[in-house]
Amino acid sequence: MALQAASLLPSAFSLHKEGKTSSANLKDSSFFGVALSCNLKSKFTPAAGNKELTRKLAIVPIRAQTAATTPAITQSTSGQKKTLRKGNVIITGASSGLGLATAKAIGESGDWHVIMACRDFLKAEKAAKSLGIPKENYTVMHLDLASLESVRQFVDNFRRSGRPLDALVCNAAVYLPTAKEPTFTADGFELSVGTNHLGHFLLSRLLLDDLKQSDYPQKRLIIVGSITGNTNTLAGNVPPKANLGDLRGLSGGLNSLNCSPMIDGGEFDGAKAYKDSKVCNMLTMQEYHRRFHEETGIAFASLYPGCIAETGLFRNHIPLFRTLFPPFQKYITKGYVSEEEAGKRLAQVVRDPSLSKSGVYWSWNSTSSSFENQLSKEASDAEKARKLWEVSEKLVGLA
């Protein structure tokens, strides 16, 4: 298998440079998917016998300046909104890789507080300290997306913290490209789709009301996608290709008992399961946009930050791939993106006013400039997005 993978490197790795997905730019693609708050009351008691001061106070009323903790927005004299508190963002999978790099990029700015939602509390705490993220700018909270009960408990714990929610980043992912047999979540779903899609679907649905209630100038819900789920690119056509079919496997519960563990009802394939989950992520983002953007003002977006060739996401890949992929991206395709750079790009989508458009799949070109990329026919299928939403609601107990 290692030899087969090696023989594919020259052709497959050349797909990896990120760019627009037109036929003229197919060479630019990817591989393997981979408060301030105050409450001041002014009370003045003039000194006894100070009639002059008393007379002036009677003429010129004193106005108490108050600012409640929530909302924490004031109107500036220029008519522009100004926030008096830090923004609050939840990032899933923030103990390593893209999530950690994003937490660093946002947390070190001082303008945001990052909730690092992770399975391993100690790992996340150590990682945050090692990167020098100021302690006052982050909080680690336990979240296991492979357990719907854990998702619900996380939401309860977050609400007890009393923090408002201004942005949610659904980033965590499971990738098992060499798995021969499926593994399952605590609720019996195939692990990749159960974690990457269903866990995030429940989390975002439960936290939607919190985002609605935010008084922050720009509220955002971001779901990390992947170029490997887009079959309008060469990278998306590297076998096995993403394909959700008619969702028969998903409708059956992805449990290998009464149905296939794959969304399309086919034979299990670990790499395809990951790619399918990314299609679900991008479809979910668009359905959120159609259902809730106009009503709530929340910006819903997805993105592909570029090829992070050296990342823990590939820890279950074959050793030869992990050895050759980074230098190939650096020196041959020139499509290499570091975790730090990818984290800065995702941080842009969280807080940059110029990236506030809803319903967009963001990408970056070779000069690190962002642009609105195109999704494949399946990843932009409105009817499939609607059906995926309804089936997912039933599976996570929201129907």
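Buried means under 20% relative accessible area. The exercises below use that cut-off on a predicted model.

**Exercise 1. Strand S9 and its neighbours**

Task: Determine how many residues of S9 are buried, and which residues lie on each of its faces.

Solution.
Step 1. Count the residues of S9 under the cut-off. Five of the five are buried, so S9 is largely enclosed by the rest of the structure.
Step 2. Divide the strand by face. Arg220, Ile222 and Val224 lie on one side, and Leu221 and Ile223 lie on the other. Both faces are covered.
Step 3. Look at the pairing with S8. The strands S8 and S9 run parallel and are joined by four bridges. Leu168 has Leu221 of S9 as its bridge partner.
Step 4. Look at the pairing with S10 (residues 299–303). S9 and S10 also pair in the parallel sense, over five bridges. Here Arg220 has Ala299 of S10 as its bridge partner.
Step 5. Add the helix. S8, H6 and S9 make a β-α-β unit, and this unit is right-handed.

**Exercise 2. The nonpolar cores**

Task: Find how many residues the largest nonpolar core has, and which elements give two or more residues to it.

Solution.
Step 1. Take the size. The largest nonpolar core has 53 residues.
Step 2. Identify the residues with the most contacts inside it. They are Ile90, Phe154, Leu203, Leu207 and Leu250.
Step 3. Assign the core to elements. Two or more residues come from each of strand S6 (112–118), helix H5 (148–161), strand S8 (167–170), H6, strand S9 (220–224), H8 and H11. H6 gives the largest share, eight residues.
Step 4. Take Ile90 as an example. Leaving out residues up to four places away in sequence, Ile90 touches Ile115, Ala117, Phe154, Phe158, Leu165, Ala167, Leu168, Val169 and Leu207.
Step 5. Look for a further core. Another one, of 35 residues, lies apart from the largest core, and Val89, Ala124, Val224 and Val349 are among its residues.

**Exercise 3. Aromatic pairs around Trp389**

Task: Work out which parts of the chain are tied together by the pair of Phe201 and Trp389, and which by the pair of Tyr288 and Trp389.

Solution.
Step 1. Count the pairs. With ring centres within 6.5 Å as the cut-off, there are seven aromatic pairs.
Step 2. Classify the pair of Phe201 and Trp389. The ring centres are 5.1 Å apart and the planes stand at 85°. Planes over 60 degrees apart count as edge-to-face, and this pair is edge-to-face.
Step 3. Place the two residues. Phe201 lies in helix H6 (residues 191–213) and Trp389 in helix H11 (residues 382–395), so the pair ties together parts that are 188 residues apart in sequence.
Step 4. Check burial. Phe201 is buried, with a relative accessible area of 2%, and Trp389 counts as buried at 2% relative accessibility.
Step 5. Treat the pair of Tyr288 and Trp389 likewise. The distance is 4.9 Å centre to centre with 85° between the planes, and this pair is edge-to-face. Tyr288 lies in helix H8 (residues 270–296) and Trp389 in helix H11, so this pair ties together parts that are 101 residues apart in sequence. Tyr288 and Trp389 are both buried.
Step 6. Join the pairs. Ring pairs link Phe201, Tyr288, Phe292, Phe300 and Trp389 into a cluster.

**Exercise 4. Backbone exceptions and cysteines**

Task: Find which residues are joined by a cis peptide bond, and where Leu247 and Leu254 are found.

Solution.
Step 1. Set the expectation. Most residues other than glycine have a negative phi, and most peptide bonds are trans.
Step 2. Find the cis bond. Pro239 and Pro240 are joined by a cis peptide bond, with omega about -5°. Pro240 is in the loop between S9 and helix H7 (248–252).
Step 3. Examine Leu247. Its phi is positive, near 65°. Leu247 is in the loop between S9 and H7, and is buried with a relative accessible area of 1%.
Step 4. Examine Leu254. This residue has a positive phi of about 55°. Leu254 is found in the loop between H7 and H8, and counts as buried at 0% relative accessibility.
Step 5. Turn to the cysteines. Cys170 counts as buried at 2% relative accessibility. Cys259 has a relative accessible area of 19% and is buried. The count of disulfides is zero.

Methods
Residues are numbered from 1 along each chain as its sequence is written. This is a predicted model: local features need pLDDT of at least 70, side-chain atom pairs count only at pLDDT 80 or more; totals for chains, interfaces and linings use all residues. Side-chain values use heavy atoms; hydrogens and water are left out. Rings of Phe, Tyr and Trp (its six-membered ring) pair if their centres lie within 6.5 Å; planes under 30 degrees apart count as stacked, over 60 as edge-to-face and the rest as tilted. Buried means under 20% relative accessible area, exposed over 50%, partly exposed in between (1.4 Å probe, protein chains only). A nonpolar core is a set of buried Ala, Val, Leu, Ile, Met, Phe, Trp, Tyr and Cys residues joined through side-chain atoms within 4.5 Å. Contact means heavy atoms within 4.5 Å. Two strands pair if DSSP finds at least two bridges between them. A crossover is right-handed if, with the strands pointing away from the viewer, the path from the first strand over the helix to the second runs clockwise. A disulfide is a pair of cysteine sulfur atoms within 2.5 Å.
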